Amino acid sequence: MVDDSKVMRDMIVACLRAIPGTSFVHASSGLEAIERLSLAPFDLMVLDLNMPDVGGVEVLEFVRGQDRLRSLPVLIVTTRGDDESRERVLAAGATGFLAKPFTPDAIIAEARAMLHGGAESVA
Amino acid sequence: MTAPPDLKDFLSSFLVEAEEHVALANEELLALESAQRKGEHHPRAIRSIFRSLHTLKGLSAMVGIEPIVSIAHRMETFLREFERSGAMVPLGATDTLLKGVQAIAQTIATLSRGEEPAAPPPELVRELDALDWGPGAQGRRAEASLELEPALREKLTDFELVQLAKGVAAGQRALLAEFFPSPEKSAQGLSINAVRERVAKVAEIVRVLPRSVPTSPEAPGGLSFALILLTSTNDALVAEAVGVGPDRLQKLHGELTHEDPTTEAALDTALPLDEEPEAQTMGLRRGIVRVDVNRLDEAMEGLSALIVTRFRLARSVAALAARGVNTRELSDVVADNARQLRDLRAAIVRVRMVPVADVLDRIPLLVRGLQRATNRRVRIELEGGGAELDKSVSERLFPVIVHLVRNAVDHAIESPDERNRRGKPEEGLLRITCGARSNTRLELTVSDDGRGIDRKAVARKAGRPVPEDDAGLLDLLCIPGLSTRDVATTTSGRGMGMEIVKRIVTDELGGELALRTEFGIGTTFTLRVPLTISIVDAFAFECAGQRFVVPVATVDEIIEVDGTQLVKVPAAEDGSVEVEVLLRRGSAIPLVKLARLFRMRAGTPAQKAIVVRRGGAPIAFAVDRMLGQQEVVIRPMNDALIRAPGVSGATDLGDGRPTLVLDLVALSTTFSLPARAQELRP
Amino acid sequence: MTLHVLFVVADVTYALPVENILQMESFMGATRVPGTRDYVIGVATVRGKVVPVIDLRLRFGLPAVPPTLDTRLIVTEVGGRVIALLVDSAREVVPLDPSQNQPAPEMVGERSAGLVRGMHAQGPRLLLLLDLPKVLSERAYDHDPIAFLDDETQHRPALPG
């Protein structure tokens, strides 16, 4: 769960707990996310684009550049709502895209789709 | 499966984070403004403000606060253009942006009070929409030389290259340090966040770049972080912060021509740009957790409940012992538990400590507003935000400082013309310093180089003789209702605040207030306050016509005293006190008249009794009547002359006289009960 | 020459150096603290601090009198301790030459013995120099400090062993 806002992370985790068997690891920066990804396996990454040091896009690119992580499902969460950034982000390798504000049901549905219903470790 | 959460539940955490972003945005806007005045570029500030607004927009959208979304959206749209073009923000725009942030702050305040926020004022919306992003001048660039791998160089933004160049030109060293994360390092707490914090103390971090590297024992994750730094500290310290040997640091020298900004990789023109981390501005990254004071109070309450439970446990153990069970081990555990509870309490008290900087940081913005409103020019010097004090002291101090600052800018500091005539620099000086006076007291001064206080005018207004010294002058100033202005000014009203300042500093905080003023030269107010104050929830009661308080945490229960349930047990020859025994719920509780114990003349018969536990056994103190429950500040009474058993301090219930705070448990250990009372059963 | 504050207790004038005096206040009452010596009539709030108040009459072994408009609290400081003294009146501040001090005479009332460190003749009147540390110390009383006397039964409870 990658977002520099603790409130945001807590909200999303609160939503996704509805999916049984999930466990969560928090990262408050892109660098921390990259670090965590390199040290343990995950089934899904929920990633905010707007972060101070390393932005979400750079994280995404880095992730897609690694063999090990190429197929990691990544759900991008961002504040913009227009289609332009949606396409850009999907082109950069995101698996899914949600614009804030989104409802709890919306994010649960997206996450479910990406997790294929298995037991999950969410970054 | 559980139902999805209601995101409104996150409102209070949201407010806490939102406040932080507002504070940061204000700080950066002020920095931006000051750079603009010097004709300098400040892209880092623009970036930071943009990001804060962007985050605020997203968060408030999630929690459903439309007014903030609307303002933040307009501001971030405006700033995005400037980020993208690298142009300078026009001076007037900063003013509008500050108003926008102020509107957001007001919405947050409204929400904090539990009220519905109003829509943003239409004039503000128009002003934000009208922000013109005409091309500003490009900032000045400096030439310098840097040697960097092309792969890394590509990733650095133009601003960062300039930053490196400037740093080297100024004599700093540009270094590259590599950090390889690993599970062992993580386990030791050496994560990239920790490394960044440590390095930020000895160097300026320009950028941190993640790189894939072949997996190796040194890099088990196949990952390395390249930290690009500017520093004047020696290599050994920097290397230590990163956790590597000094030989592993790479120096960056050589020629570098920075590129034309328009050819910079346009990967994320529609998305926020990256920013180099700066540990000092973002409180969110300091490893600090913001905690609602209410939560701390809840923790304290929980702790008090634990303490009461401990008493019950001790009683049970005592009961077992009375039956002949060997309770040695159990008693040891209970004693350990008591000690741990005391430590926990101390820890929670420590958590309440906040840096004075939290209060001082809000001053520049306040002064900026005051300058505008009063047409004065004021320079601020703030010193010593490193001290820490109890959050409640800090909260009480803030309005005091605000008032003194307002007085200084509004009344004391003269207009630029007048200052010129007096041979003073046009800009008035307002200086706020803060330092720990001893390890229990904090000293804060607010001084100005304005016109000083006119004793004769004050004396005249007060209808009293001219005071001989500054202390006397201070007393006059603090007379309720005194004002040396006949007309309310726009910012400080009628100057009635000094009385409140005094009340807060001396009565509420138990501190001291002093004044030094020289006519025509300036004025200094000195506050000395304790770093921590002991605040507890207490029951107030009356006994023999005198008021007392007792901390709630020490009280087991409060019961009615009914004459018919009492059995008198006279004092025995062994010197025990006379008690009555209260029969209640199948057990006998010894009842001691507090008035008698204190040798006071009891007026009305006691109607209530406060029950505490002494070594697990209950003992009741009869008092006249209960007066309610409230939070009190306990002021210590340490002098030997007034050290008395059962008295743990004094407080002020609002009448200006000391009211004693009693420790009934301690009091109960100062006398013994007749053996008969202990044996008595219904 | 050092400045001294002159005050009166039971028609006798005493002097204390100004450096030991924080301030003078009118007397607004004191909150009695049970279990303290009889001459400590309680605590009062002075400039935000909670300070003990000693009635000098009682300290000297004299009966207490109701306060008048002239009654004053002299707030003293010695060795970090701040303690207020209740006196009948305190009106003058005079410079005294220490070389003119003489040793203390015999005093009336046994309790004030040792509480005066000397005397000073100022014109026709005699000023007694108060020994402040002695006045503020607790050793004058040899009774156990914690005594709850039960008026009716005259019993003294056993102290914790």
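How much area is buried between chain B and chain A? Let's start there, and please keep in mind that everything I show you today comes from a predicted model.

The answer is about 4,000 Å², and carbon and sulfur atoms give 64% of that area. Chain B brings 48 residues to the contact, and chain A brings 43 residues. Now for the polar side of this interface. There are 2 salt bridges between chain B and chain A. One of them joins R207(B) to E58(A), with their closest N and O atoms 3.4 Å apart. Counting polar contacts across the same two chains gives 9 residue pairs.

Which elements of chain B give two or more residues to the side that touches chain A? They are the helices α1, α2, α8 and α9, together with strands β2 and β3. Helix α2(B) provides the largest share, 9 residues. If you sort the residues on this side of chain B by character, you get 24 nonpolar, 13 polar and 11 charged.

Let's stay with helix α1 of chain B for a moment, since E28(B) lies in it. Is E28(B) buried or exposed? This glutamate counts as buried, because its relative accessibility is 3%. Look also at S48(B), which is 20 residues away from E28(B) along the chain. In space, the C-alpha atoms of these two residues are separated by 7.2 Å.

Next, the interior. In soluble globular proteins, nonpolar side chains tend to be buried together. Here the largest nonpolar core has 74 residues. The members that touch the most others are L594(B), F621(B), F7(C), L56(C) and L85(C), so this core draws on both chain B and chain C. Its largest share, 6 residues, comes from strand β7 of chain C, which covers residues 81-87. Apart from it lies another core of 61 residues, and among its members are I65(B), I71(B), L97(B) and V101(B).

What does L594(B) touch, once we leave out residues up to four places away in sequence? Its partners are F541(B), C543(B), F621(B), A622(B), V623(B), L662(B), L664(B) and L667(B).

Another residue to find on your screens is T651(B), in strand β21 of chain B, residues 647-652. T651(B) counts as buried because its relative accessibility is 3%. Beyond its sequence neighbors up to four places away, T651(B) touches V549(B), V632(B), V633(B), R657(B), P658(B), T659(B) and V661(B).

Now to a helix end. Helix α17 of chain B runs over residues 455-462, and D454(B) caps its N-terminal end. A side-chain oxygen of D454(B) lies 3.1 Å from the backbone nitrogen of K456(B). Just after this helix comes G463(B), with a positive phi of about 70 degrees.

Finally, chain C as a whole. How many helices and strands does chain C have? The count is 2 helices and 11 strands. Starting at the N terminus, five strands lead to a helix, then six strands follow, and a helix ends the series. Of the 161 residues in chain C, 44% are buried. As for contacts in chain C with a separation of 6 or more, 53% join residues that are 24 or more positions apart.

So, to take one thing home, remember the opening number: about 4,000 Å² buried between chain B and chain A. Thanks for listening!

Definitions and conventions: Residues are numbered from 1 along each chain as its sequence is written. Chains are lettered from A and ligands numbered from 1 in the order in which they are written. This is a predicted model: local features need pLDDT of at least 70, side-chain atom pairs count only at pLDDT 80 or more; totals for chains, interfaces and linings use all residues. Side-chain values use heavy atoms; hydrogens and water are left out. A nonpolar core is a set of buried Ala, Val, Leu, Ile, Met, Phe, Trp, Tyr and Cys residues joined through side-chain atoms within 4.5 Å. Buried means under 20% relative accessible area, exposed over 50%, partly exposed in between (1.4 Å probe, protein chains only). Helices (H or I, at least four residues) and strands (E, at least two) are DSSP runs, numbered from the N terminus. Contact means heavy atoms within 4.5 Å. Buried area is the accessible area (1.4 Å probe) that two parts lose on being put together, summed over both. A salt bridge is a side-chain nitrogen of Lys or Arg within 4 Å of a carboxyl oxygen of Asp or Glu. A polar contact is a pair of N or O atoms within 3.5 Å; within protein, one must be able to donate a hydrogen and the other to accept it, and residues adjacent in sequence count only if both atoms are side-chain atoms. Ala, Val, Leu, Ile, Met, Phe, Trp, Tyr, Cys and Pro count as nonpolar, Asp, Glu, Lys and Arg as charged, and the others, Gly among them, as polar.
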